[in-house]
Amino acid sequence: MGIKRKLDAAWSDLGTDISECILRRLGLVDILRFKRACSWWFSVAESYTSSSWYRPCFQTPWLLLPPPDHQEEKADKGGQRSSSLCFFNLDEKKAYRDVCLCGEVYEGRCVGSSHGWLVLLDKTANLIVFNPFSGSRIQLVSLKEGGLKLLDDVDAFAGGKKYKDCRAFVSKVVLMSDHIGKKKNKDKDGVVLIYGVEGEGRHGTKMNRLAFCMFKDKDKYGRFIDLNGSQERYDDVICYDDVICAISSYGFVEVWDFSGSSPTKVMDMRSSLHHMKAIEFAKSSRQVCSWFHFYLVESCGELLSVVRVIRDFVYVDVDGKSVRDRDGDNNKPKIRIYQTSMFYVFRLDLHQKEWVEMESLGDQIVFLGGNQSISLRAEDCPGCLNNSIYFTDSSWEEADENHSSGGHDMGYYNLGDRNVKPFYHSRCYKMKPPPIWVLPNPW
């Protein structure tokens with residue numbers, strides 16, 4: 001007579017102790033999959049990852065990719081367009097589509113990434129702070145109703161000749177704290193954004209401004225408030241140690257202290273020595289340069305400025321090989337693209353209030369793009385090369401304006417050999433929305 005076995009035992013009946021014992025043996029990807037299994041496993045994993053004894057392993061940033069073509073153009077079996085996120089793991093050289101707790105992500109454009117949270121902006125100017133790994137989300141006030149002085153222009157800006165919708169109006173959003181909703185940081189929770197303004201500056205470039213919004217609870221939000229910076233155009237903004245640092249397209253830096261009840265400007269540095277050096281370096285190396293882009297990043301307690309040099313438009317054939325302008329076989333299709341050619345790194349000398357060029361990042365790796373710029377130790381980023389800058393496309397407007405290319409400009413630049421190399425191979429020169437770095441954060 002055979003032994004009868006109970007086959008209908010539910011995995012959800014596993015006790016907390018056994019479940020946590022399993023979780024201690026899992027890596028990040030498997031923990032995220034564990035959370036998706038059922039509501040009980042989700043609650044156990046949430047309790048485990050938020051506990052004081054949980055020590056997450058250091059994680060190489062993942063690359064958030066736009067939906068595959070078939071997801072953009074075709075409906076799924078249920079008749080609805082798929083909105084699943086695709087992440088590329090640099091260490092494993094592998095894409096993941098089954099690790100996120102998310103829904104209508106691609107109804108909005110990702111306009112920022114900080115500490116594992118994404119900031120999404122939809123066509124109607126609604127801003128959402130969203131964690132794709134925990135499923136948590138915070139709905140902020142609409143930009144149209146948020147109190148910004150110059151956002152009366154948003155409808156004209158979005159509906160005019162330049163852009164199809166207001167998602168092109170915001171170039172970057174970063175979070176003001178690294179643990180949203182935690183008790184010790186509640187008073188400092190908020191976002192800072194760079195947003196465009198319809199109009200022309202003194203030098204013929206589109207103007208933009210800085211603004212912030214504080215929210216003290218997950219269910220409440222405040223109004224957006226202009227920071228009234230003195231510059232006409234900002235390239236980047238970061239938040240750390242209760243300060244907001246912004247850099248303009250001319251390399252000028254402004255710093256606001258947020259430790260008090262209201263922000264106070266504590267620095268307005270107009271030195272553009274690093275900007276002039278970058279121009280001289282580019283000319284001396286005979287680089288045909290279309291524009292520069294400035295970034296700020298905190299690294300080992302110091303403030304760095306990274307200058308990105310982007311080559312003027314070049315022509316490539318369908319195989320990605322460069323062709324000399326319009327020469328060659330006229331019967332072969334050619335694509336007009338822009339390419340990053342080099343970077344220069346400078347360290348801020350607080351005593352002299354001047355930028356000092358750096359020849360090396362040492363054991364650090366910098367990740368730049370639409371995300372809040374971050375610097376990590378090479379030993380914490382398996383699969384990446386030390387003394388390098390890993391970058392994605394920051395030219396969001398090009399992805400909207402140019403029909404053949406945009407969002408494609410990404411790779412890594414090593415300060416040792418001074419070369420740009422690819423880390424993700426794609427023959428697509430039109431990536432909309434542009435890929436963006438995300439530091440996986442399950443809590």
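## Glu46 and its surroundings

Glu46 is partly exposed in this predicted model, and its relative accessible area is 25%. That value falls between the 20% under which a residue counts as buried and the 50% over which a residue counts as exposed. The residue is found in helix H3.

Along the chain, Glu46 and Ser134 are 88 residues apart. In space, 8.1 Å separates the C-alpha atoms of Glu46 and Ser134.

## Helices H1 and H3

Helix H3 covers residues 39–49 and packs with helix H1, which covers residues 16–23. Two packed helices are described by the angle between their axes and the distance between the axes. For H1 and H3 the angle is about 65° and the axes are 10 Å apart. The angle therefore makes H1 roughly perpendicular to H3. The crossing of H1 past H3 is right-handed.

Which residues of H1 and H3 meet? From H1 the residues are Thr16, Ser19, Glu20 and Leu23. From H3 they are Trp40, Val44, Ala45, Ser47 and Tyr48.

## Strand E14 and its two partners

Strand E14 spans residues 253–257 and is mostly covered, with four of its five residues buried. Strands of a sheet pair through backbone hydrogen bonds, either parallel or antiparallel. E14 pairs in the antiparallel sense with strand E13, residues 243–248, over five bridges. E14 also runs antiparallel to strand E15, residues 264–269, and five bridges join E14 to E15.

Single positions show how these strands line up. Val243 is opposite Asp257 of E14, and Val253 is opposite Met269 of E15. E13 and E14 form a hairpin with four residues between them. In that turn, Gly251 has a positive phi of about 85°. The hairpin that joins E14 to E15 runs through six residues.

## A five-stranded open sheet

Farther along the chain, five strands form an open sheet in the order E22-E21-E23-E24-E25, with mixed pairing. Which strands stand at the edges? They are E22 (374–377) and E25 (419–421). Each of these has a single partner strand, so one side of E22 and one side of E25 are left without a neighbour in the sheet. From one strand to the next, the twist averages 25°.

Within this sheet, strand E21 (residues 364–368) and strand E23 (residues 388–391) are paired in the parallel sense. Four bridges make up this pairing. Ile365 has Ser388 as its bridge partner in E23.

## Aromatic residues

The structure holds eleven aromatic pairs. One of them is formed by Tyr390 and Tyr412, whose rings are 5.0 Å centre to centre. The planes of Tyr390 and Tyr412 stand at 15°. Pairs with planes under 30 degrees apart count as stacked, and the pair of Tyr390 and Tyr412 is stacked.

This pair links distant parts of the chain, with Tyr390 and Tyr412 22 residues apart. Tyr390 is in strand E23, while Tyr412 is in strand E24 (residues 411–414). Are Tyr390 and Tyr412 buried or exposed? Both are buried. Tyr390 and Tyr412 also belong to one aromatic cluster, together with Phe367, Phe423 and Trp437.

Terms used: Residues are numbered from 1 along each chain as its sequence is written. This is a predicted model: local features need pLDDT of at least 70, side-chain atom pairs count only at pLDDT 80 or more; totals for chains, interfaces and linings use all residues. Side-chain values use heavy atoms; hydrogens and water are left out. Two strands pair if DSSP finds at least two bridges between them. Helices (H or I, at least four residues) and strands (E, at least two) are DSSP runs, numbered from the N terminus. Axes are lines fitted to C-alpha atoms, for helices over the stretch in contact, and angles run from 0 to 180 degrees between N-to-C directions. Rings of Phe, Tyr and Trp (its six-membered ring) pair if their centres lie within 6.5 Å; planes under 30 degrees apart count as stacked, over 60 as edge-to-face and the rest as tilted. Buried means under 20% relative accessible area, exposed over 50%, partly exposed in between (1.4 Å probe, protein chains only). Angles under 35 degrees count as roughly parallel, over 145 as roughly antiparallel, 65 to 115 as roughly perpendicular and the rest as oblique. A crossing is left-handed if the near helix is turned anticlockwise from the far one by less than a right angle, and right-handed if clockwise. Contact means heavy atoms within 4.5 Å.
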